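Dear colleague,

Please find the structure below, followed by an account of what was found in it. I should be grateful if you would read the two together.

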Amino acid sequence: MPPSTGVAPPDWAALRNKVSLLLPGDSGYDNAKRVFNPAFDGLEPAAIAKCAKPEDVQAAVSAAARRVPIAARSGGHSYAGYSVPDGGLMIDLGGMSSVDVQGDRVVIGAGAKLKDVYATLGAAGRCLPAGSCPSVGIAGLTLGGGIGVLARKYGLTCDHLVSARVVTADGEIRTASADSEPELFWALRGGGGGNFGVVTSFTFRTDPAPSAVSVFSLHFPAGSAKDILAEWQRWLPEAPPELWANVVLSGGSPVGVRISGCHVGDSASLTRLLDKIGGTRMMKQLDYLGAMKYFSGSENRQSFVASSRILGEPADPAKLTSILNGRRGMDLLIDGLGGAVADIAPDATAFWHRKALGSVQIYSQADARNRSAATDSVAEVVSGLGLGGGYVNYIDPALPDWMTAYYGGNATRLKQVAKTYDPDKVFGFAQAVTPD
């Protein structure tokens with residue numbers, strides 16, 4: 001629980017007359033506060049506002065502002081559990097999950113999950129590049145940038161944002177776009193979830209869904225991780241943007257390696273690209289929706305510890321593989337960037353890492369019995385990688401100089417946006433963008 005501030009608590013009874021509100025002890029409260037990672041089950045919001053329209057969010061923010069911490073919850077995938085404000089107000093956006101295709105645009109409620117976004121877009125023959133986990137919320141993904149399997153061809157999710165409806169700290173509902181609140185619009189495209197206001201809906205530009213997306217996985221002999229990582233770092237930047245691939249290093253003795261990815265095009269074109277890197281191959285040609293389903297992970301809750309770094313340029317393959325030697329249950333996932341991501345200047349949106357070769361996620365399975373050990377192990381691996389930067393959607397409370405790591409040269413401008421829209425830190429949390 002946060003320390004007392006001497007400020008009177010919100011009038012929950014009055015708010016309950018305006019919004020569907022759950023308090024501790026209410027039926028449904030325990031289920032409503034649960035997020036993807038069971039590690040945060042012990043956090044206890046003072047109240048949960050289940051919002052069905054922007055005016056509900058407006059009422060909730062106005063009631064709680066400057067009294068208790070406020071956090072919005074969309075998919076509930078914050079790696080640090082920041083969408084569960086202990087002793088504060090959780091604004092649950094799950095009731096605002098509509099996906100409305102309007103020609104080449106789509107208007108998506110902030111509570112929508114990726115599986116529903118893809119299903120609706122696929123049925124309409126439209127495409128929006130986004131993530132792969134089906135239960136991830138569109139809101140957090142977009143606000144942090146939105147790295148996904150189609151990023152090299154179509155760019156980040158935030159690159160397709162046309163406008164957003166936002167409840168700001170003063171309780172106003174604003175439209176942020178290139179022509180309206182342009183600085184806020186800039187910040188929402190990669191400036192991180194939980195900052196500047198609560199987005200209630202997004203309007204995106206979409207592309208025609210590709211008729212063919214060929215997916216693949218490549219497996220390699222034991223002991224080849226170092227050589228394959230070196231080859232991947234040469235191979236992907238030279239490939240056309242239609243190809244996306246990641247490389248996964250799995251801790252063990254020896255360290256395992258596999259490559260997965262997709263190609264916007266037919267399997268014949270993909271075959272020629274894969275011939276350059278080898279490996280035992282699985283490959284199939286799907287339509288857009290089929291490919292998105294192919295990459296979907298489990299929706300089951302998972303306990304884990306994770307952090308990230310940015311692969312700005314090719315790294316020493318020996319160092320990146322040796323640090324995982326003997327560490328079973330830990331993976332290094334390197335997602336390729338470049339292509340359309342790099343076509344946009346680092347300061348054109350708040351997402352800074354435009355020129356990077358890839359993002360690196362350090363991921364370790366952890367249950368209640370071994371979470372402390374997993375946390376220590378991840379910290380040790382991260383410090384040994386010799387890489388800088390970080391992806392805010394893999395937010396890590398232990399990341400040194402996190403403001404610079406996540407936002408690079410955009411940090412100063414983001415602080416100015418916070419000064420304009422949230423000078424009193426209404427949406428403050430441990431790693432919030434604040435004016436100071």
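How many cavities of 30 Å³ or more does a search of the whole structure find? The search finds 1. For this purpose, a cavity is a set of points, on a 1 Å grid over the protein atoms alone, where a 1.4 Å probe fits but cannot get out. Before the details, please note that this is a predicted model, in which local features need pLDDT of at least 70 and side-chain atom pairs count only at pLDDT 80 or more, while totals for chains, interfaces and linings use all residues. Residues are numbered from 1 along each chain as its sequence is written, and side-chain values use heavy atoms, with hydrogens and water left out.

The largest cavity holds about 30 Å³ of space, a volume being the space filled by probe spheres set on the grid points. Its lining (residues with an atom within 4 Å of a point) includes Gly-144, Gly-190, Trp-352, His-353 and Tyr-406. By class, 6 lining residues are nonpolar, 4 are polar and none is charged; Gly counts as polar in this scheme, and Trp and Tyr as nonpolar.

Turning to the strands (DSSP runs of E, at least two residues, numbered from the N terminus), strand 14 spans residues 256–264, and 7 of its 9 residues are buried, that is, under 20% relative accessible area with a 1.4 Å probe and protein chains only. Strand 14 pairs (at least two DSSP bridges) with strand 12, residues 213–219, in the antiparallel sense over 7 bridges; there, Val-215 has Cys-262 as its bridge partner. Strand 13, residues 243–250, is also antiparallel to strand 14, over 8 bridges, with Val-248 bridged to Arg-258. Strands 13 and 14 form a hairpin with 5 residues between them.

Two individual residues also deserve a note. Asp-56 belongs to helix 3, residues 54–64 (helices are DSSP runs of H or I, at least four residues). Asp-56 counts as buried because its relative accessible area is 7%. Its side chain reaches the backbone nitrogen of Ala-52 at 2.9 Å. Beyond neighbours within four places in sequence, Asp-56 is in contact (heavy atoms within 4.5 Å) with Lys-18, Val-19, Lys-50 and Cys-51.

Val-426 lies in the segment after helix 14 and is buried, since its relative accessibility is 4%. Outside the same four-place window, Val-426 is in contact with Ala-65, Arg-66, Ile-70 and Ala-169. Its C-alpha atom is separated by 35 Å from that of Ser-296, 130 residues apart along the chain.

Yours sincerely

Key. Buried < 20%, exposed > 50% of the residue type's maximum accessible area, 1.4 Å probe, protein only. Polar contact = N/O pair within 3.5 Å; in protein donor to acceptor, adjacent residues only side chain to side chain. 1 Å grid on protein atoms, 1.4 Å probe; cavity = no way out; pocket = protein on both sides within 12 Å on 5 of 7 lines; lining within 4 Å.
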